[in-house]
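I opened a fresh page for this one and went through the structure topic by topic. Here are my notes, in the order I looked things up.

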Amino acid sequence: MARESWYAAGLSFSCTQCGNCCSGDPGYVWATKEEVAKISAFLGRGDGKLDKEHLRRVGLRYSLTEKPDGDCIFLQRVGGKSQCGIYSVRPLQCRTWPFWTENLRTADSWNRAHQKCPGMNTGKAHTYVQIEGLRTQRSW
């Protein structure tokens with residue numbers, strides 16, 4: 001995206017632990033083999049793998065699974081807040097939310113995403129350079 005981008009002055013985002021980015025309509029949370037191995041180790045498994053309860057194969061790639069209600073399999077809801085059960089080893093796709101290309105195309109696309117994510121447009125200020133660093137890390 002060009003430096004003249006609509007968000008050249010930066011954007012604000014701080015996670016509110018609402019869990020909206022980890023639930024809802026069915027979709028994919030892509031995980032590389034390296035990320036799967038890290039999650040596996042974090043969960044105390046020695047084999048570097050995850051069960052079908054946690055991971056599904058989609059073509060040549062892997063995606064975390066979802067609970068019947070649409071929540072990510074690792075989303076935990078406790079005391080009115082949501083937290084990731086694998087936060088320290090969560091996939092890149094999760095770590096870079098909401099700074100995804102599809103959310104940054106236009107101010108309107110950012111504001112549409114903000115309708116589901118109360119942490120957008122509030123909290124910590126992120127510079128253009130920081131945003132672009134996150135946006136371009138995508139591995140999925």
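**Hairpin.** I began with the turn in this predicted model. Strand 3 and strand 4 make a hairpin, and two residues lie between them. One residue in that turn caught my eye: G59 has a positive phi of about 65 degrees. I then checked how the two strands pair, and found that they run antiparallel, joined by four bridges. Going through the partners, I noted V58 opposite R61 of strand 4. I also noted R57, whose bridge partner in strand 4 is Y62.

**The sheet around it.** Which order do the strands take in the open sheet? I read it as 2-4-3, three strands with antiparallel pairing. Strand 2 (30–31) and strand 3 (55–58) are at the edges with a single partner strand each, so each has one side without a neighbour in the sheet. Strand 4 (residues 61–64) pairs with strand 3, and strand 4 also pairs with strand 2, antiparallel and over two bridges. On that side, W30 has S63 of strand 4 as its bridge partner. As a reminder to myself, strands of a sheet pair through backbone hydrogen bonds.

**Charges over rings.** W30 came up again when I turned to side chains. R61 lies over the face of W30, 3.6 Å from the ring centre. I found another such contact at Y87, where the charged end of R90 sits over the ring at 3.7 Å from its centre.

**Aromatic pairs.** How many aromatic pairs are there? I get seven aromatic pairs, counting rings whose centres lie within 6.5 Å. One of them is F99 with W110, with ring centres 5.7 Å apart and 25 degrees between the planes. That angle is under 30 degrees, so I logged the pair as stacked. F99 is in the loop between helix 2 (92–95) and helix 3 (101–104), and W110 is in helix 4 (residues 107–114), so the pair ties together parts that are eleven residues apart in sequence.

Are these two rings' residues buried or exposed? F99 is buried, at a relative accessible area of 2%, and W110 is buried as well, at 1%. I also looked for a wider grouping, and F99 and W110 belong to one aromatic cluster with W6, Y7, F13 and Y128.

**Largest pocket.** Next I looked at the largest pocket, which has a volume of about 1,200 Å³. Its lining has 42 residues, and those closest to the centre are N20, C21, C22, S23 and W97. I checked which elements contribute: strand 6 (81–84), helix 2, helix 3 and helix 4 each give at least two residues to the lining. By residue type, the lining divides into 21 nonpolar, 14 polar and seven charged.

**A contact across the sequence.** My last entry is about Q130, which lies in helix 5 (residues 128–135). Its relative accessible area is 37%, so I put Q130 down as partly exposed. Which residue did I pair with Q130 here? I chose G10: the two are 120 residues apart along the chain, yet their C-alpha atoms are separated by 8.5 Å.

Methods:
Residues are numbered from 1 along each chain as its sequence is written. This is a predicted model: local features need pLDDT of at least 70, side-chain atom pairs count only at pLDDT 80 or more; totals for chains, interfaces and linings use all residues. Side-chain values use heavy atoms; hydrogens and water are left out. Rings of Phe, Tyr and Trp (its six-membered ring) pair if their centres lie within 6.5 Å; planes under 30 degrees apart count as stacked, over 60 as edge-to-face and the rest as tilted. Buried means under 20% relative accessible area, exposed over 50%, partly exposed in between (1.4 Å probe, protein chains only). A charge sits over a ring if NZ of Lys or CZ of Arg is within 6 Å of the ring centre and within 35 degrees of the ring normal. On a 1 Å grid over the protein atoms alone, a cavity is a set of points where a 1.4 Å probe fits but cannot get out, and a pocket is an open set with protein on both sides within 12 Å along at least five of seven lines; lining residues have an atom within 4 Å of a point. Grid points are joined across faces, edges and corners, and a volume is the space filled by probe spheres set on the points. Ala, Val, Leu, Ile, Met, Phe, Trp, Tyr, Cys and Pro count as nonpolar, Asp, Glu, Lys and Arg as charged, and the others, Gly among them, as polar. Two strands pair if DSSP finds at least two bridges between them.
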